[in-house]
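The following report describes a ligand site, two helix pairs and some backbone features. Please have the sequence and the model open while reading.

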Amino acid sequence: MALLMKGGPAAAALNEKTAARAAALAAAGVMPTLAVVRVGAREDDLAYERGVLARCAKLGLAVRPFVLDAAAPQEELLAVLDEVNRDRSIHGCLLFRPLPPQMDDRTVRAALAPEKDVDGITDASLAEVFTGSGVGYPPCTAQACVEVLDYYGIPLEGRRVTVVGRSLVVGKPAAMLLDRRNATVTLCNSRTRDLPALCRAADVLVVAMGRRGAIGADCIAPGQAVVDVGIHTGEDGRLCGDVRFAEAEPIAGAITPVPGGVGAMTTSVLAAHLVSAAEKAAR
Ligand code: NAP
């Protein structure tokens with residue numbers, strides 16, 4: 001039976017450290033504060049926002065919401081980001097994307113100050129993932145993959161890791177973070193040939209394909225650690241991942257569940273980034 005790598009305990013361990021750091025900042029008169037910027041009211045955004053608000057409340061972090069109409073012009077959003085950048089009492093910013101069609105994603109991302117980019121959306125943050133420059137922060141989900149593996153003691157150095165999916169939000173930054181841990185990383189995309197063989201060759205398999213149940217027993221090697229980033233609603237209405245858990249679990253050595261795996265870590269990583277941003281600003 002595989003070790004079940006639940007996100008909850010890993011998140012709790014991270015939260016404990018974050019709360020202690022937040023308390024130290026509060027004692028020094030600094031309240032870590034997150035701007036949450038939302039355009040419109042997509043159900044996905046609202047659900048994530050509720051999770052972020054609850055996490056921040058539990059950890060003693062403040063949130064400043066900025067909500068724009070779905071039809072708002074881009075200038076309005078740029079003005080909000082300018083305000084966020086200038087306000088020294090705001091340390092980090094979560095901006096929900098995708099943006100509505102009247103807005104240009106690249107222009108908007110470039111408008112956020114990298115030191116407040118706690119969700120890893122600016123080019124500076126992506127450069128940080130590659131270089132470890134210390135400016136900006138890795139995308140939270142990508143970092144959550146590494147945090148979960150670390151919490152459960154899965155070795156990375158010198159190990160073969162296959163990452164399936166190369167989005168800038170998850171796959172590509174996860175691959176770079178794993179490379180920085182001296183894993184030997186294979187990054188797969190939709191044109192990759194013989195995906196099952198590349199998956200089976202890995203000691204650690206990270207799946208971020210956005211394809212419900214696409215990874216089955218033929219992709220899993222005995223003893224392998226499997227991180228499933230996918231989130232979907234199954235035909236039965238229940239949440240499920242990119243990996244067919246019932247097939248993979250008996251073969252794998254360790255596996256994250258969906259729900260309750262990587263997704264349970266994401267807001268905790270965001271909160272840790274916010275506290276880091278507040279600490280840097282207070283120096
Ligand atoms: P995405 O932008 O759609 O990217 C999917 C990636 O998978 C692409 O790089 C694509 O390759 C690759 N891919 C698709 N089919 C493939 C195939 N047959 N073989 C190999 N690679 C294939 O998705 P995303 O934003 O990275 O998200 C991935 C999943 O994670 C989604 O289910 C999403 O809901 C979930 N997610 C979870 C969290 C969380 O907190 N747990 C956060 C964010 C996302 P190409 O580049 O060639 O198209």
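By class, how many nonpolar, polar and charged residues does the shell around the ligand have? Seven are nonpolar, 10 are polar and two are charged, where Ala, Val, Leu, Ile, Met, Phe, Trp, Tyr, Cys and Pro count as nonpolar, Asp, Glu, Lys and Arg as charged, and the others, Gly among them, as polar. This is a predicted model, in which local features need pLDDT of at least 70 and side-chain atom pairs count only at pLDDT 80 or more, while totals for chains, interfaces and linings use all residues. Residues are numbered from 1 along each chain as its sequence is written, and side-chain values use heavy atoms, with hydrogens and water left out.

Of the 19 residues around the ligand (a residue is near if one of its heavy atoms lies within 4 Å), those that come nearest are Arg166, Ser167, Asn189, Ser190 and Thr266. The table gives polar contacts of the ligand, each a pair of N or O atoms within 3.5 Å.

| Residue | Protein atom | Ligand atom | Distance |
|---|---|---|---|
| Asn189 | polar backbone atom | nitrogen | 3.2 Å |
| Met209 | polar backbone atom | oxygen | 3.4 Å |
| Thr266 | polar side-chain atom | oxygen | 3.0 Å |

The ligand on its own has 930 Å² of accessible area, of which the protein covers 70%, as computed by the Shrake-Rupley method with a 1.4 Å probe.

Turning to the helices, which are DSSP runs of H or I with at least four residues (strands are E runs of at least two), the axes of H6 (residues 140-151) and H7 (residues 171-180) come within 8 Å and cross at roughly 40°. Axes here are lines fitted to C-alpha atoms over the stretch in contact, with angles from 0 to 180 degrees between N-to-C directions. H6 and H7 are therefore oblique to each other, whereas H1 (residues 7-27) and H10, whose axes come within 9 Å and cross at roughly 25°, are therefore roughly parallel; angles under 35 degrees count as roughly parallel, over 145 as roughly antiparallel, 65 to 115 as roughly perpendicular and the rest as oblique.

Most residues other than glycine have a negative phi, and most peptide bonds are trans. In this model, a cis peptide bond joins Arg97 and Pro98, with omega about 5°, and Pro98 lies in the loop between strand S4 (92-95) and helix H4 (105-110). The bond from Val258 to Pro259 is also cis, with omega near 0°, and Pro259 is placed in the loop between strand S11 (254-255) and helix H10 (266-282). Asn182, in the loop between H7 and strand S6 (184-188), has a positive phi near 65°.

Terms used. Polar contact = N/O pair within 3.5 Å; in protein donor to acceptor, adjacent residues only side chain to side chain.
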